[in-house]
Amino acid sequence: MELRTLRYFVTVAEELHFGRAAVRLHMSQPPLSRAIRRLEDDLGAQLLLRSAAGVALTPAGEVLLAEARDLLERAARIRGRVASAAGPAVLTVGLLGDSSDPAVTRLAAEYRRRHPGVEVRIRETDLTDPTCGLRAGRVDVALTRGPFGADGLAVRELRADPVGAVLRADDPLAGRASLTLADLAGRPWFQFPPGTDPAWQAYWNGGEPREGPVVRAVQECLQAVLWSGTVGIAPLGHEPAAGLALVPVADMPPSRVVVAWREGEESVPVREFVRIARTVYGG
């Protein structure tokens, strides 16, 4: 006997009607009837008297109803005690500190609505670690941007954002409708510290070796643009700060928002986070 089948039986016994029981169980009536028939065959006893008006319990059914209720209550207590001993479910999410994204707000609200019992902890990282501490084991799942080396990681794309060059508002190129990478040749571009993922650095430098000031955070990059005329790159959805302009770069590939986790470590909270993220982002 399975707990699920006993739960089916208890619902039918309480409703004394297969149709109403099926509605309560959010299932159709035929599989419910088949499950009760299999239960009767397994026990070798008729549990319900069926008629056009509904159903009634047999003496064997009365006994099973009392025992099944007790067993289901014990199973619920066991689950509760095990969950209490294990402690609350915790999910540590790594976020790249590149900006506020409205989709993150929607994702947080939807995850909280669906899994109120999960404690979500946030770890925001700077631009030097696109995996947001995932490789170091500091987070369970990362909501970040690519590209980066994905060995040992599972990565799912959520959205692709066109990008543009962040320039000073008084820059001669700031008034252009769009730019190409060739237009930005010979200028300083921001750099990340040594040891930063090479695929990540190459992307933000437009695929070419560049020179320029070393930065770790978005605000440092923006200040380098304001003070030194450094070329910055940002998704076009970002609103430029005062004194800055954001001009589309036509021949630069989009910045891809991704969710990532360690291969082989897809726990239920992680799996649900990925599923809800893909729904919210449409990825």
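**Three helices, one by one and together**

Okay, let's start with helix 5, where A103, L107 and Y111 are buried. Those three cover an arc of only 65° around the axis, so they sit on the same side of helix 5. Keep in mind, by the way, that this is a predicted model.

Now flip to the other side of helix 5: there you'll find P102, T105, R112 and R113, which are exposed. And what do the buried residues of helix 5 pack against? Strands 3, 4, 5 and 6, plus helix 8, which is residues 268-281. As for its length, helix 5 runs over residues 102-114, and its 13 residues reach 19 Å from first C-alpha to last, close to the 18 Å expected.

Next up, helix 3. This one has 15 residues and spans 21 Å between its end C-alphas, close to the expected 21 Å. Its buried residues are L32, A35, I36, L39 and E40. They cover an arc of only 140° around the axis, so again we're looking at the same side of the helix, here helix 3. R38, D41 and D42 are on the other side of helix 3, and they're exposed. Right after helix 3 comes G44, with a positive phi, near 70°.

Last bit: how do helix 2 and helix 3 meet? Their axes come within 9 Å and cross at roughly 105°, so the two helices are roughly perpendicular to each other. From helix 2 you get F18, G19, A21, A22 and L25, meeting Q29, L32, S33 and I36 from helix 3. That contact divides into six nonpolar residues, three polar and no charged. And if L32 and I36 sound familiar, they were among the buried residues of helix 3.

Terms used: Residues are numbered from 1 along each chain as its sequence is written. This is a predicted model: local features need pLDDT of at least 70, side-chain atom pairs count only at pLDDT 80 or more; totals for chains, interfaces and linings use all residues. Side-chain values use heavy atoms; hydrogens and water are left out. Axes are lines fitted to C-alpha atoms, for helices over the stretch in contact, and angles run from 0 to 180 degrees between N-to-C directions. Helices (H or I, at least four residues) and strands (E, at least two) are DSSP runs, numbered from the N terminus. Angles under 35 degrees count as roughly parallel, over 145 as roughly antiparallel, 65 to 115 as roughly perpendicular and the rest as oblique. Contact means heavy atoms within 4.5 Å. Ala, Val, Leu, Ile, Met, Phe, Trp, Tyr, Cys and Pro count as nonpolar, Asp, Glu, Lys and Arg as charged, and the others, Gly among them, as polar. The expected span of a helix is 1.5 Å times one less than its number of residues. Buried means under 20% relative accessible area, exposed over 50%, partly exposed in between (1.4 Å probe, protein chains only). The arc is that of the directions from the helix axis to the C-beta atoms.
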